[in-house]
Amino acid sequence: MSEKSSRTQNTLALVGVIVSLLFVGWEIRQNTKVARAAAIQATAEQILDWQAEVATDEDAIRVFTALRSGVPFAELSPEDKQRYGWIVSATVRIMENRYRQVQMGIIDPEDMGIAGGTSNPNWFRSPYFLEYWASLEPEGSWAPDFLEFFETEVLGIREPAEP
């Protein structure tokens, strides 16, 4: 084989490797987009499922109506406090899921939504939610980094930690 032929083959092989790497990069980018879209869709489905379940639960509707009408959280029955707690925990878990997805680079921070993961930040900052939250010992239920984020960015009840 001549030297010119050998250089041509090497050049073609190099071009083939470069084209292959570009294709792999493009595929990775496409897969990343698909993973992000799936994560956002899964979170949307979690929220829709939660809303549909709460919207058809007469007891949950009664509890929310009472709280929004000004009944203090402390005046709810023990059963209603428990019911509200389970409903609230589900929303906080959805937000924690989004928070973790951002940390892993699956979704972008802006995909967290208003106030870090909710389209209704006023609900989390409502007197009844804050009263409920104050009645908890959240350190045992949520990871410290998420708890700091939630209480700082969403609830606004904690000052950001020093870097």
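Start by selecting Asp59 and Arg83: the two form a salt bridge, with 3.4 Å between the closest N and O atoms. Keep in mind as you click around that this is a predicted model. The pair ties together distant parts of the chain, since Asp59 belongs to helix α2 and Arg83 to helix α3, 24 residues apart.

Now switch on a surface for these two. Is Asp59 buried or exposed? Neither, quite: Asp59 is partly exposed, with a relative accessible area of 32%. Arg83 is also classed as partly exposed, at 25% relative accessibility.

**Next stop: Asp80**

Leave Arg83 selected and add Asp80. These two form a salt bridge as well, and here the closest N and O atoms are 2.7 Å apart. Both residues sit in helix α3, three residues apart, or about one turn of the helix. Asp80 comes out at 8% relative accessibility, so it counts as buried, the cut-off being under 20%.

Add Arg62 to the selection. You now have Asp59, Arg62, Asp80 and Arg83 on screen, linked in a network of salt bridges. As background, side chains of opposite charge can pair when their charged atoms come close.

**Zoom out to the two helices**

Show α2 (residues 58-68) and α3 (residues 78-103) as cartoons. How do they pack? The angle is about 95° and the axes are 10 Å apart. That puts α2 roughly perpendicular to α3.

For the contact itself, pick these two sets:

- On the α2 side: Asp59, Ala60, Arg62, Val63, Phe64 and Leu67.
- On the α3 side: Asp80, Arg83, Tyr84 and Ile87.

Try colouring the selection by residue type. The contact of α2 with α3 splits into six nonpolar residues and four charged ones, with no polar residues. Asp59, Arg62, Asp80 and Arg83, the residues of the salt-bridge network, are all in your two sets.

**Last stop: Arg158 and Glu151**

Clear the selection and jump to Arg158 and Glu151. What links them? A salt bridge, with the closest N and O atoms 2.8 Å apart. Arg158 is partly exposed at 30% relative accessibility, whereas Glu151, at 8%, counts as buried.

Want to keep hunting? How many salt bridges does a search of the whole structure find? The search turns up nine, including Asp59 with Arg83, Asp80 with Arg83 and Arg158 with Glu151.

Conventions
Residues numbered from 1 in each chain as written. Predicted model: local features only at pLDDT ≥ 70, side-chain atom pairs only at ≥ 80, totals over all residues. Heavy atoms only, no water. Axes fitted to C-alpha atoms, helices over the stretch in contact; angles between N-to-C directions. Helix = DSSP H or I, 4+ residues; strand = E, 2+ residues; numbered from the N terminus. Parallel < 35°, antiparallel > 145°, perpendicular 65-115°, else oblique. Contact = heavy atoms within 4.5 Å. Nonpolar A, V, L, I, M, F, W, Y, C, P; charged D, E, K, R; others polar. Salt bridge = Lys/Arg side-chain N within 4 Å of Asp/Glu carboxyl O. Buried < 20%, exposed > 50% of the residue type's maximum accessible area, 1.4 Å probe, protein only.
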